[in-house]
Amino acid sequence: MASASLPGRVAVAASDVPSYAFADDVRSAPATTGTTGAARLEPGATYRSSLRGEDKAYYRLELDGMSDVYVSVTAIPRAGATLAAGDGISVSVQDADSVTCSSDSVTVGTAVSPQPLTAWGARELLPGKGLCRKAGTYYVVVERTGTGSSTGSSSGTGSGTGSGEGDTDLSDGRTWDLELAPVSEAPLAKAAATRVPEVWDSSTPTPPVDEPVSVRGGAGFAEAAAVEQGVRSDEIVPGQTLFYKVPVDWGQQLSATVDLGSAEKNSGYVVDALEMTLYNPVRASVKDTGIGYGGSQKSASLPPVPPVGYANRYAPTDPTKSLRFAGSYYLVVHLAAQVADRFGEGPYGLTLRVRLGGSAQAGPGYARQSVPQGFFDVGAPDPVPSGGGSLAGADASGDGASGGDPAMKAVAVGGIGTGSVLLMVLGVWTLTARRRAAAQMRVNAQNPTA
């Protein structure tokens with residue numbers, strides 16, 4: 001039922017959709033309309049800025065000649081903004097001679113529902129690619145696309161600038177907040193294979209059917225709820241975007257399915273009602289899926305994608321090319337604002353089914369740490385929060401390191417068994433040594449002149 005709230009959960013009203021959640025340590029980076037005076041972005045930091053509809057926004061990078069650098073830009077239209085299908089942003093990285101190293105763009109699509117839009121740019125040092133290889137100054141260029149870039153969009157009142165120190169005026173609806181996240185990837189200690197694996201399991205995996213564990217999706221990349229393999233239940237209201245992150249190691253293959261629960265009434269149809277997008281650790285889009293909604297429960301799965309591998313960067317196209325890092329992959333789910341007009345404000349039940357195939361493998365061997373440190377590693381799972389429901393992929397039972405995962409429990413039991421065997425071996429060794437010493441003493445006593 002659309003209005004039924006999960007146990008222990010306070011329902012989120014559609015009129016109170018949380019705003020985008022920036023990182024707690026976000027820095028201010030005022031946009032400039034040209035390269036002169038452009039704010040410098042440092043890999044490993046996260047920045048907040050803004051973009052007016054008719055302007056380009058410039059930011060500066062100072063790069064060495066050895067590292068790959070990626071910059072994601074998330075634009076946040078105001079809640080309630082009137083958008084057209086082509087409205088969005090484009091992002092490019094250019095060198096000091098105006099040569100474009102890379103470019104990417106994203107739009108709201110036919111749903112025209114205001115939501116965070118993420119595009120990215122990069123300076124990559126790939127074999128045989130002669131552009132943008134020198135150390136020096138580079139620029140990140142962000143601009144609006146579509147009708148909103150020139151005519152503006154209507155909106156309700158803005159939410160202010162937060163940490164922007166007054167450099168953002170959102171009240172006209174034409175200025176969008178921006179979050180910029182540059183990351184530096186270190187070179188390899190030794191050359192690795194550049195041949196992309198041609199054979200991988202492209203069959204559609206069966207989604208897990210475990211008992212759902214309650215989770216609360218975050219309101220931004222920085223607040224993404226950590227989940228692992230299994231089934232998670234959540235709630236979403238029209239116009240809301242929820243963020244989840246999944247640790248994916250080298251050699252592993254991620255698949256995900258999202259289920260939207262039924263509504264209390266059936267009143268028409270929304271063509272692009274729910275969308276789920278998979279992003280890699282540098283927030284580059286990998287693959288997406290979407291469903292229409294007529295009030296009855298619906299389900300959508302991401303198309304199969306290859307396992308994560310360093311050599312994937314040499315593939316000619318996505319999604320393979322985007323699956324080049326281990327680390328946190330993001331599942332971002334948006335429910336179109338138009339769903340409220342047809343079926344009510346909700347909240348609506350949401351079920352996320354995540355599966356990890358393949359086997360974890362050793363990394364490629366970086367020559368030094370990337371920035372931020374450990375960014376392309378799969379770390380320990382987030383701890384279970386105290387006081388009730390589970391978060392971040394933890395089992396509802398609060399099962400510590402095993403997290404309720406049968407495989408992890410087997411590992412834990414195996415660890416205990418190994419320790420017991422070790423103690424037994426040490427005991428036998430000690431007993432044997434004592435017996436040999438006693439026997440030698442008896443021999444010495446019988447032969448005092450020996």
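Between which two strands is the loop that holds N312 found? Here are some notes on this predicted model, starting with that residue.

1. **N312 and its surroundings.** The loop in question runs between strand 18 (298-301) and strand 19 (327-335), and N312 is found there. Although it belongs to a loop, N312 counts as buried because its relative accessibility is 4%, against a cut-off of under 20%. Its side chain reaches the backbone oxygen of L323 at 2.7 Å. If you set aside neighbours within four places in sequence, the residues in contact with N312 are V196, P197, P307, T320, K321, L323 and R324. L323 thus turns up in that contact list as well as in the side-chain-to-backbone pair.

2. **The chain as a whole.** Stepping back, the secondary structure comes to 3 helices and 20 strands. The chain has 450 residues, and 45% of them count as buried. Among contacts with a separation of 6 or more, 74% are between residues 24 or more positions apart. The accessible surface is about 21,100 Å², with 52% of that area belonging to carbon and sulfur atoms.

3. **Strand 10, a covered strand.** Do have a look at strand 10 (residues 176-185), where 10 of its 10 residues are buried. W176, L178, L180, P182 and S184 point one way, while D177, E179, A181, V183 and E185 point the other way. Both sets are buried, so the label applies to charged residues such as D177, E179 and E185 too, each being under 20% relative accessible area.

4. **Partners of strand 10.** Two pairings are worth tracing on screen. Strand 3 (residues 47-51) runs antiparallel to strand 10 and is joined to it by 5 bridges; within this pairing, R48 has E179 as its bridge partner. Strand 5 (residues 68-76) also pairs with strand 10 in the antiparallel sense, over 9 bridges. In strand 10, the residue opposite D68 is E185.

5. **Two cis peptide bonds before proline.** The bond joining G346 and P347 is cis, with omega about 10°. P347 lies in the loop between helix 2 (339-343) and strand 20 (348-357). A cis bond also leads from V371 to P372, and here omega is near 5°. P372 has its place in the loop between strand 20 and helix 3 (406-446). You may like to inspect both when you go through the backbone.

6. **Positive phi outside glycine.** V112 is not a glycine, yet its phi is positive, at about 45°. V112 is found in the loop between strand 7 (100-107) and strand 8 (117-123), and it counts as partly exposed because its relative accessible area is 24%. R283 is another residue other than glycine with a positive phi, near 70°. The loop of R283 runs between strand 16 (270-279) and strand 17 (285-293). R283 counts as buried because its relative accessibility is 10%, below the 20% cut-off.

7. **G34 and K56.** One last spot is G34, in the loop between strand 1 (27-28) and strand 2 (39-40). How far apart are G34 and K56 in space, C-alpha to C-alpha? The distance is 7.6 Å, with their positions 22 residues apart in sequence. At 23% relative accessibility, G34 counts as partly exposed, so it falls in the range between the buried and exposed cut-offs of 20% and 50%.

Notes
Residues numbered from 1 in each chain as written. Predicted model: local features only at pLDDT ≥ 70, side-chain atom pairs only at ≥ 80, totals over all residues. Heavy atoms only, no water. Helix = DSSP H or I, 4+ residues; strand = E, 2+ residues; numbered from the N terminus. Buried < 20%, exposed > 50% of the residue type's maximum accessible area, 1.4 Å probe, protein only. Polar contact = N/O pair within 3.5 Å; in protein donor to acceptor, adjacent residues only side chain to side chain. Contact = heavy atoms within 4.5 Å. Areas by Shrake-Rupley, 256 points an atom, 1.4 Å probe, with all protein chains shown as cover. Pairing = 2+ DSSP bridges.
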